[in-house]
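Let's take a friendly tour of the empty spaces in a protein and of the small molecule it holds. Have a look at the structure, then read on.

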Amino acid sequence: MTAALQKAFRLQARGCEEYGSPFQAALALQVAGALAGGDTLEGLFEPWAQADVPALFSDHAPLRYLAALHELVLSGDDPGLAALYPQAGRPADAVRVWPEARRATTRHCDRIADFMRHELQTNEVRRSACLVGGFLTIAAETGLPLRTFEAGASAGLNLYWDRFRYDLGAHRWGDPGAQVRIETDWRGPPPPVDAAVEVISRAACDRRPTQLTDAAQRRRLLSYVWPDQFERIARLEAAIALALALEVEVEAADAVAWTHAHAAPADGAATVFYHSVFWQYMPAQSQAALAKVIADHGARATAQAPFAWLRMEAHDEDRSLMDVRLTSWPGGQERVLADVHPHAAWVEWRAP
Ligand SMILES: C[S@@+](CC[C@H](N)C(=O)[O-])C[C@H]1O[C@@H](n2cnc3c(N)ncnc32)[C@H](O)[C@@H]1O
């Protein structure tokens, strides 16, 4: 177990480095070093005692601990640790932070263990940059207003994707005065930015929604963003403020039953069922059941009541590769619209 855990922290460090968090990467390496020296970290990883590296990874065990430390910092309950953590304009050295983080682990052991019992749950606002081209395509092709239904919406931060301002390389879309601003490295041809977009209804579900009205849950969501990714943190805070102002609601429900009950096509609008980085979290049986619900809704679609399935998901063979697909009914034509970075740092648009 210790060998597996050490390896998981080292691999996690590589991932953090690759996805732009040198601080989190260096901290993960410090933890790996402590484990190699025989530190048991107060037994915090006992629940994973039998886990091998893939299981530790799929359960995000290293990230649970690193996020628990970040949550402690964000809460203000450990000023000594907070004083050393990165802040905008003030980078931090993980080698200096680790001894204090280790002491904080002893001081707040029960709290950290409690935090780590929850599965990791993120809501990445920038993924809207991957989906926006799909929404624009649907609006341009149908000429109809949109009814949108999002599955696996987490806190619901991507529900109001049409209220964000997008900087898509040389292309722009959305209200220039929007408080949530999304930039990505857009490659390839532009999306149909001139399409008239009107969202006439929106709804979302998650099997365990993050309640933004609860300060502790808001902090938990922020803690999963890596501490030196200031731009992501600022964007998340802006999106949370917008979602609170708009009283975003995410229904606590399993996607299969919810989609069946709510997302059927309706006359006079294009019904869009969408999701991002959600499919892989369902067991194969649920994936098959949801695919059937979607196909059944699609079969009922007409020119006056079209149905679209828009998703940003990982490739089955390699989860680090993601694309955006659109299936449109009537007809059920499937297209790959774009290849994308998992956090939407870049979008390679393929559609004409
Ligand atoms: C990685 S998060 C992605 C959240 C959001 N779509 C985004 O891109 O930021 C995956 C979400 O799917 C939800 N989820 C997983 N299985 C589900 C199911 N069967 N029904 C509803 N939600 C589910 C999880 O609770 C989690 O919030």
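The lining of the largest pocket mixes 17 nonpolar, 17 polar and 13 charged residues. Keep in mind as you explore that this is a predicted model. Rolling a probe the size of a water molecule over the atoms shows where empty space is left.

**The largest pocket**

- The largest pocket offers about 1,600 Å³ of space.
- In total, 47 residues line this pocket, and those closest to its centre are H60, L120, V277, Q280 and Y281.
- Three elements give two or more residues to the lining: α1 (2–18), α3 (53–58) and α4 (61–75).
- Among these contributors, α1 gives the most, with four residues.
- What takes up the space of the largest pocket? The ligand does.

**The ligand and its neighbours**

- You can find 18 residues around the ligand, and the closest are Q121, E124, R127, D206 and S276.
- The shell around the ligand is evenly divided, with six nonpolar, six polar and six charged residues.
- The side chain of N123 places an N or O atom 2.9 Å from an oxygen atom of the ligand.
- E124 uses its backbone instead: one of its backbone N or O atoms lies 2.7 Å from an oxygen atom of the ligand.
- A polar backbone atom of A255 is 3.0 Å from a nitrogen atom of the ligand.
- How much of the ligand does the protein bury? Taken alone, the ligand exposes 600 Å², and the protein buries 96% of that.

**The largest cavity**

- Besides the pocket, look for cavities: the structure holds two of 30 Å³ or more.
- The largest cavity has a volume of about 90 Å³.
- Its lining is made up of T122, N123, E124, V125, L221, Y224, V225, R232, R235 and L236.
- N123 and E124 may look familiar: both line this cavity, N123 has a side-chain atom 2.9 Å from a ligand oxygen, and E124 has a backbone atom 2.7 Å from a ligand oxygen.
- Helix α10 (residues 230–245) gives the most to this lining, with three residues.
- Sorted by class, the lining of the largest cavity has five nonpolar, two polar and three charged residues.

**The second largest cavity**

- The second largest cavity holds about 40 Å³ of space.
- Which residues line the second largest cavity? They are G156, L157, L159, Y160, F164, A239, L242, A243 and V248.
- The lining of the second largest cavity has eight nonpolar residues, one polar residue and no charged residues.

Conventions
Residues are numbered from 1 along each chain as its sequence is written. This is a predicted model: local features need pLDDT of at least 70, side-chain atom pairs count only at pLDDT 80 or more; totals for chains, interfaces and linings use all residues. Side-chain values use heavy atoms; hydrogens and water are left out. A residue is near a molecule or strand if one of its heavy atoms lies within 4 Å of it. A polar contact is a pair of N or O atoms within 3.5 Å; within protein, one must be able to donate a hydrogen and the other to accept it, and residues adjacent in sequence count only if both atoms are side-chain atoms. Accessible areas come from the Shrake-Rupley method with a 1.4 Å probe; for residues, only the protein chains shown count as cover. On a 1 Å grid over the protein atoms alone, a cavity is a set of points where a 1.4 Å probe fits but cannot get out, and a pocket is an open set with protein on both sides within 12 Å along at least five of seven lines; lining residues have an atom within 4 Å of a point. A molecule sits in a cavity or pocket if more than half of its atoms lie within 2 Å of its grid points. Ala, Val, Leu, Ile, Met, Phe, Trp, Tyr, Cys and Pro count as nonpolar, Asp, Glu, Lys and Arg as charged, and the others, Gly among them, as polar. Grid points are joined across faces, edges and corners, and a volume is the space filled by probe spheres set on the points.
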